[in-house]
Amino acid sequence: MTAALLPGVSVASANGDFTRVEGGTFTMGSESHYKEERYRHKVTVSSFLIKTTEVTNAEFAAFIEATGYVTTAEKDLDPKKYPGFSDDLLKAGSMVFAQPKEQVDLNDFRHWWRYVPGADWRHPEGPGSSIDGLEDHPVVQVSPEDAAAYAKWAGGRLPTEAEWEYAALGGLEKANYTWGDIDHDPAEGWKANTWQGVFPAVDTAEDGHHGTAPVGSFAANGYGLYDMAGNVWEHVSDWWVPGHPGKALTDPKGPPVELAAQFAHDAVGPMNVVKGGSWLCAPSYCLRYRPSARQRAERSIGSNHIGFRIVKDID
């Protein structure tokens with residue numbers, strides 16, 4: 001039985017469990033890692049509810065079955081909106097990690113990423129692939145628009161970057177990781193689904209997973225939230241700019257789209273923030289399975305290492 005045909009799944013059951021995170025003030029950002037995480041600043045957030053896990057394939061399938069929604073990756077792009085794209089890139093599809101057989105130049109991501117027509121949430125690695133048996137894995141190949149549509153259907157919204165980072169810290173202050181200041185110590189057990197070996201050619205999968213893992217496979221953080229580090233990047237609602245404002249903020253919603261447009265290529269347009277790192281993050285290349293880490297994601301395309309979770313406001 002495919003996830004898209006799971007019977008009797010309602011909005012309530014698709015939502016899964018939520019955790020209440022009490023509001024407070026924390027230090028957002030980092031001066032110690034990548035430049036886009038600067039500058040550290042105090043942020044105050046109000047209380048909110050956040051899904052304890054990433055949205056799964058089964059949960060997303062319930063949304064599709066109930067609404068008939070068609071994801072971004074399942075639609076051809078309008079050439080008038082994307083004049084710089086080749087015909088191949090205009091075909092419905094998405095980005096798929098293609099592990100090279102030998103070590104390559106890490107300065108060129110094209111060595112390990114491919115645009116694959118026919119790749120979508122049901123076929124995360126392209127035609128011939130499937131989510132059968134992966135119902136409890138996080139859904140991937142979803143755009144920010146897809147994630148926001150699911151969130152609205154489920155009675156929530158995407159978290160702001162500030163809410164997400166506050167929740168990821170799990171009550172820790174200024175910690176490098178969701179579990180504290182020290183990176184993985186295999187003697188203590190793996191704490192997140194990340195890359196072991198030499199990225200991108202060698203993945204030893206010592207944590208037990210090559211690719212995504214079932215949600216909740218690793219220990220929760222201090223707030224009882226799973227996979228706030230690794231597994232898949234997670235969409236948040238903020239527009240992307242390469243850094244933070246260096247001032248204290250309360251319930252920030254991120255920069256305006258007009259500012260984000262100044263940091264985007266005309267053929268791509270303004271981008272959104274993703275948080276948390278993924279199964280592809282390795283200390284030697286992308287040490288971003290940390291609360292302060294952030295990256296940009298195009299709105300017109302997904303990949304097989306980006307998913308999402310949702311939040312709900314407290315009345």
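Me: Which residue does Leu49 stand opposite in β14?
Reply: In this predicted model, local features need pLDDT of at least 70 and side-chain atom pairs count only at pLDDT 80 or more, while totals for chains, interfaces and linings use all residues. Residues are numbered from 1 along each chain as its sequence is written, and side-chain values use heavy atoms, with hydrogens and water left out. Strands (E, at least two residues) and helices (H or I, at least four) are DSSP runs numbered from the N terminus. Three bridges join the antiparallel strands β4 and β14, and the residue opposite Leu49 in β14 is Lys312.

Me: What is the strand order of the open sheet of three strands?
Reply: Two strands pair if DSSP finds at least two bridges between them. The edge strands, each pairing on one side only, are β1 (18-21) and β14 (311-313). With antiparallel pairing, the order is β1-β4-β14.

Me: At about what angle to β4 does α5 run?
Reply: Axes are lines fitted to C-alpha atoms, for helices over the stretch in contact (heavy atoms within 4.5 Å). Angles run from 0 to 180 degrees between N-to-C directions. Helix α5 lies across β1, β4 and β14, and its angle to β4 is about 75°.

Me: Which element gives the most residues to the largest nonpolar core?
Reply: A nonpolar core is a set of buried Ala, Val, Leu, Ile, Met, Phe, Trp, Tyr and Cys residues joined through side-chain atoms within 4.5 Å; buried means under 20% relative accessible area, exposed over 50%, and partly exposed in between (1.4 Å probe, protein chains only). The largest such core has 21 residues, and Phe26, Val45, Phe48, Ile50 and Met228 have the most contacts inside it. At least two residues each come from β2 (24-28), β3 (41-45), β4 (48-51) and α5 (161-169). The element giving the most, with six residues, is α5.

Me: How many residues does the second, separate core have?
Reply: This core includes Phe63, Ile64, Tyr150 and Ala151. Its number of residues is 19.

Me: Why is strand β9 largely enclosed by the rest of the structure, and how many of its residues are buried?
Reply: Strand β9 spans residues 233-239. It is largely enclosed because its buried residues number five of the seven.

Me: Which residue in β11 is the bridge partner of Glu234?
Reply: β9 pairs with β13 (residues 306-307) in the parallel sense over two bridges, where Trp233 has Ile306 as its partner. β9 and β11 (residues 272-275) run antiparallel and are joined by three bridges. In β11, the partner of Glu234 is Lys275.
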